[in-house]
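Thanks, everyone; I would like to take a few minutes on the ligand site and then turn to one of the sheets. Please have the sequence and the model open while I talk.

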Amino acid sequence: MCGIIGIVSQNQVQSHLIDGLKRLEYRGYDSAGIATVQDNQIHRRRSAGKLINLQNLVESEPIQGQIGIGHTRWATHGAANTENAHPHSSREVAVVHNGIIENFSDLKKHLQEKGYTFQSDTDTEVIVYLITDYLHQGNDPLTAVQKTLTKLQGAFALAILFKDAPDTLIATRHGSPLVLGIKENELFVSSDAVAFAPWTQQVCYLEEGDLAVLNAGDCFSYELYDRDGHKVDRPLRRSQITGESVSKAEYSHYMLKEIFEQPTVLSDTLQSLLNLENQKVSLKDIDLNWKMLNRIQIIACGTSYYAGLVAKYWFEKWAGIAVDVEIASEFRYRSPVMSSNTLNILISQSGETIDTLAVLSQLKEHGHQVLALVNVPESSIARKADYVLQTLAGPEIGVASTKAFTSQLMVLACLCLKTGKERDVIKPDVYESLVQALVSLPGMISYVLQNSEIYQKLALGFTTARNCLYLGRGITYPIALEGALKLKEISYIHAEGYAAGELKHGPIALVDLTMPVVVLAPYDEWFEKTLSNLQEVIARGAQLLCLTDQKGEEKIRQQIKAGYSMEIVVFPQVDTFIEPILYTIPVQLLAYYIALLKGTDIDQPRNLAKSVTVE
Ligand code: AGP
C-alpha cells in the first residue's frame, strides 16, 4: 500500500526521492508526490497516476532542497487525484502518511471551527493542521508532533518536514512500519528498506510508538524516542536487501524473475531447515511439546491462506493432527472457541498484513502462543510472534505472490514432517522418502521452467475468455484456488477455483464452449474422481487444459472420446506430498503469459497493493 521515503542529505534530494519512490512502486499506488524545504519554504510536487507523471513534472518544474519526503498513495479517503496526493502541507509543515486516521472527521470539524481550510478529502490533512496549530501555539517541532500524536487514533506512520526547522525531519510509527537507513552524511526513513537499498544496508527498525528526529546540521545524526517520550536506542542491523536483490535483471517483469528464482529460493529455504548431515528436518529454535499438540490453527490472508489450505492436507495425512485454516479478516471478528494444546500458525509474506497482525495481537492478549511464518524477518508479525520460521524467498517485488508462496509451502512441508516425526505418526521410511521428494523439487521445478514456452502458446487460447475455471481435488484443490487468484490478479479475467467435486453443485452451470477450464489432475488417489469431472466438462464442450503426469495422460487419452480436442501438459510423476508445490509453477506461468498478451501492468496490477496495511 502507500509508501514513505524521507531523506536528509548533504546533496540535493529530488532525484533520490524519485528513485526511492520507484522502488516502492511495487507496493501498489495511484498517485505520488514529493516535498522539500529550501530557503525556509516548503516546495511540493504531486501527480495523479503513475510515477512517470511525477517524474515529468519535476523535470519541467524541479524543486531544490537537501531534505525531503516522498510518498506513493493508495487511495483510501478520497479519489486518486492530485489534490489528495501526498505530501499534504500548510505553510509551516509537509506530511506524508501511511495508514488511516480513524477519528479524522471529528478532528477535521474541530480544526475547521478554528478556521483551517482543507484542500483535500484525505484523513491526512488533519495531521498537517494539528501540527501547524501546535506550532502556532509556540511549541517546537518535536513537541508539536508529540502533542498531535496524542489526538490521533488509528494505525499509521508519518514523515514530517518543517519550514522553520529546515535541518529536521520527524518520522513516527504507530501500527505501520518504518525503518531508518543510516549512512555517513545521509539519513533515510522509509516504510520499506527496499527504498534506500542501493545507498545503505545499515538499518534501524523503529518499534511500535517510536518517534525519530533526523538532523542534518553540522553532522548527520538522529534521536529516537519511545511512545512515552523517553530517549531510546534501537539496534542497528545489516539489511539483507541489496540494490541487486531489487533489480529485474534480464527479465521483463519482477513476477517472471521471481517465478524463475523458485528452484534457488526453495533450495535455500529447504537447506535452512534440514540438518545436512542426517537429512532430518531440524527446527532449532522451535521448542514445542509436539506430543501434547492436538490441533493446529492456521490463520492468514490471500495466497498465504491458500498455503495454509495445502498444509491442512499435509498435517492431517502425514502428522495425524487436526487442522483449521482461517481467513484472518474473518477470524478476528468471530468468537472462535480456542482450546489448549493448539499450535497457532500465522502465515504472511510481508509480515505486515493488518488483519493477520490484529489476529496475532488478539492471540497474544489471550495468552496463546504463536508461530509466525514470514518472508521479512524484521516485520511486525515476526517481531511479535513467539516463534518465527522464515522463508528465504528474498524480496518479492511483483504484487502477485509467486516465490513467497512456494517457499511458504516448503516450510510448511518441513514443519509437517517434523510434527509427524515428533508425534511418532510418520513411519521412518515414509519420512525419509518425503524428505528426498522435497530435495528433488528444485530440480523438477527447473525442468518445468525450462519448458515455459508451452505456457506462452497455451496463453493464446485464454486472451478472449471472460471467465475461467480452475479445478483440483484433494491436495491440488488449494492450487486451483491459487491459480484462479493469480489469473484474476494480473490478467483481470474473472476466474474461480473449485474443488472438482463441487462442480455439479453449481459452477457447472457456467460451463460452455467459451469457458476455459484448467484441471489439475496428477495421477494420485483423487485422479479417478477428477477424471469423471473432466468428462462432465467435456460433455459441455468447454476448452480444457489438463495438467497431469504420464500415467494420468495415458488414462485421459484412453477415456476421452475421439475427436475431442484438449490440451494436456505432462509433468514428472512425483510423490503426492510435493504435488502442490510442483503444480503451482504451471498456474503461475499461465497467468503470467496470459497477462502479458493482454498487456496489463503485471507487476503492479490495478487496485492491488503488495502489503495490505489498512483494513
Ligand atoms: C497474492 O498474490 C496477493 N498479492 C495477496 O493475496 C497476498 O497473498 C495477501 O495480501 C497476503 O499477504 P501477506 O502474505 O503479506 O500477509
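Let me begin with a term: a pocket here is an open set of grid points, where a 1.4 Å probe fits, with protein on both sides within 12 Å along at least five of seven lines, and a molecule sits in a pocket if more than half of its atoms lie within 2 Å of its grid points. Bear in mind that this is a predicted model. In that sense, the ligand sits in the second largest pocket. The elements that contribute two or more residues to the shell around the ligand are helix 8, residues 302–318, and helix 15, residues 477–491, and the largest share, 3 residues, comes from helix 8.

Of the 14 residues around the ligand, those that come nearest are S304, S348, Q349, S350 and T353, and by character the shell divides into 8 polar, 4 nonpolar and 2 charged residues. Turning to individual contacts, an oxygen atom of the ligand lies 2.6 Å from a side-chain N or O atom of S348, and for S350 there is likewise a ligand oxygen 2.6 Å from a side-chain N or O atom. A nitrogen atom of the ligand, in turn, is 3.0 Å from a polar backbone atom of V399. Of the 410 Å² of accessible area that the ligand has on its own, the protein covers 91%.

Now to the sheet, which is open, has 8 strands in the order 3-2-4-1-10-9-11-15, and pairs in antiparallel fashion. Strand 3 (41–48) and strand 15 (237–238) stand at its edges with a single partner strand each, so one side of each has no neighbour in the sheet. Further in, strand 9 (179–183) and strand 11 (202–205) run antiparallel and are joined by 3 bridges; V179, for instance, has Y205 in strand 11 as its bridge partner.

Methods. Residues are numbered from 1 along each chain as its sequence is written. This is a predicted model: local features need pLDDT of at least 70, side-chain atom pairs count only at pLDDT 80 or more; totals for chains, interfaces and linings use all residues. Side-chain values use heavy atoms; hydrogens and water are left out. A residue is near a molecule or strand if one of its heavy atoms lies within 4 Å of it. A polar contact is a pair of N or O atoms within 3.5 Å; within protein, one must be able to donate a hydrogen and the other to accept it, and residues adjacent in sequence count only if both atoms are side-chain atoms. Accessible areas come from the Shrake-Rupley method with a 1.4 Å probe; for residues, only the protein chains shown count as cover. On a 1 Å grid over the protein atoms alone, a cavity is a set of points where a 1.4 Å probe fits but cannot get out, and a pocket is an open set with protein on both sides within 12 Å along at least five of seven lines; lining residues have an atom within 4 Å of a point. Helices (H or I, at least four residues) and strands (E, at least two) are DSSP runs, numbered from the N terminus. Ala, Val, Leu, Ile, Met, Phe, Trp, Tyr, Cys and Pro count as nonpolar, Asp, Glu, Lys and Arg as charged, and the others, Gly among them, as polar. Two strands pair if DSSP finds at least two bridges between them.
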